[in-house]
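Here's a quick walk through one chain, going from the overall fold down to a handful of residues. Keep the viewer open and click along as you read.

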Amino acid sequence: MAGDVADAMLDGTLCEICGEFLGEPVGYPVKCADCKKDEPEGQPINRKPVATVICPSCQKRVKEAGLGRHVKDTHPESQQVMKYNHRVRGNTPGGG
Ligand SMILES: [Zn+2]
Ligand SMILES: [Zn+2]
């Protein structure tokens, strides 16, 4: 049965680490909940600080990547100002 266990670990029937029975084969190796806990999952928490900028509307420090969303959510009225500032001469209005 040893070969069967190895196969079962590879198709997801058993945990690929400890061999715990998981259920239906899915076609790829799967870890049980206990073994998953040992794996870093999702984004690491201790990353270097993200780039931040000062919101021109409320002077709050926000993530640079999230400024657009912050303005949209918190200062919907100032979006018009930003759009105005970003307007490029020669562009056809109403294109987007
Ligand atoms: Zn396991
Ligand atoms: Zn703001």
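## Leu67 and helix 3

Leu67 sits in helix 3, which covers residues 67-74. Keep in mind that this is a predicted model. Leu67 counts as partly exposed because 17 C-beta neighbours fall inside 10 Å, and a residue is called buried from 20 upward and exposed at 12 or fewer.

Who does Leu67 touch once you skip its neighbours within four places in sequence? The contacts are Val53, Cys55 and Val62. Take Val53: it is 14 residues away from Leu67 in sequence, yet the two C-alpha atoms are 7.6 Å apart in space.

## The overall layout

Zooming out, the chain has four helices and two strands. Going along the sequence, you'd read the order as α-α-β-β-α-α.

How much of the chain is buried? Of its 96 residues, 5% are buried. As for contacts, take the ones between residues at least 6 apart in sequence: 0% of them join residues at least 24 apart.

## Ile54 in strand 1

Ile54 is part of strand 1. Is Ile54 buried or exposed? Ile54 is exposed, because it has 11 C-beta neighbours inside 10 Å and the exposed class takes in 12 or fewer.

Leaving out residues up to four places away in sequence, Ile54 touches Gln59 and Arg61. There's also a link back to helix 3 to look at: Ile54 and Leu67 are separated by 13 residues in sequence, with 8.6 Å from C-alpha to C-alpha.

## Gln59 in the loop

Gln59, one of the contacts of Ile54, belongs to the loop that runs between strand 1 (52-54) and strand 2 (61-63). Check its backbone in your torsion plot: Gln59 isn't a glycine, but its phi is positive, at about 60 degrees.

On burial, Gln59 comes out as exposed because 7 other C-beta atoms lie within 10 Å.

## Val30, a buried loop residue

Now hop to the other loop on this tour. Val30 is located between helix 1 (2-10) and helix 2 (33-38), in the loop there. Why does Val30 count as buried? It has 20 other C-beta atoms within 10 Å, and the buried class begins at 20, so Val30 makes the cut.

Which residues does Val30 contact, leaving aside those within four places in sequence? Its partners are Gly12, Cys15, Glu16 and Leu22. Asp11 is worth a click too: Val30 and Asp11 are 19 residues apart along the sequence, and their C-alpha atoms are 7.6 Å apart in space.

Methods: Residues numbered from 1 in each chain as written. Chains lettered and ligands numbered in written order. Predicted model: local features only at pLDDT ≥ 70, side-chain atom pairs only at ≥ 80, totals over all residues. Contact = placed C-beta atoms within 7 Å.
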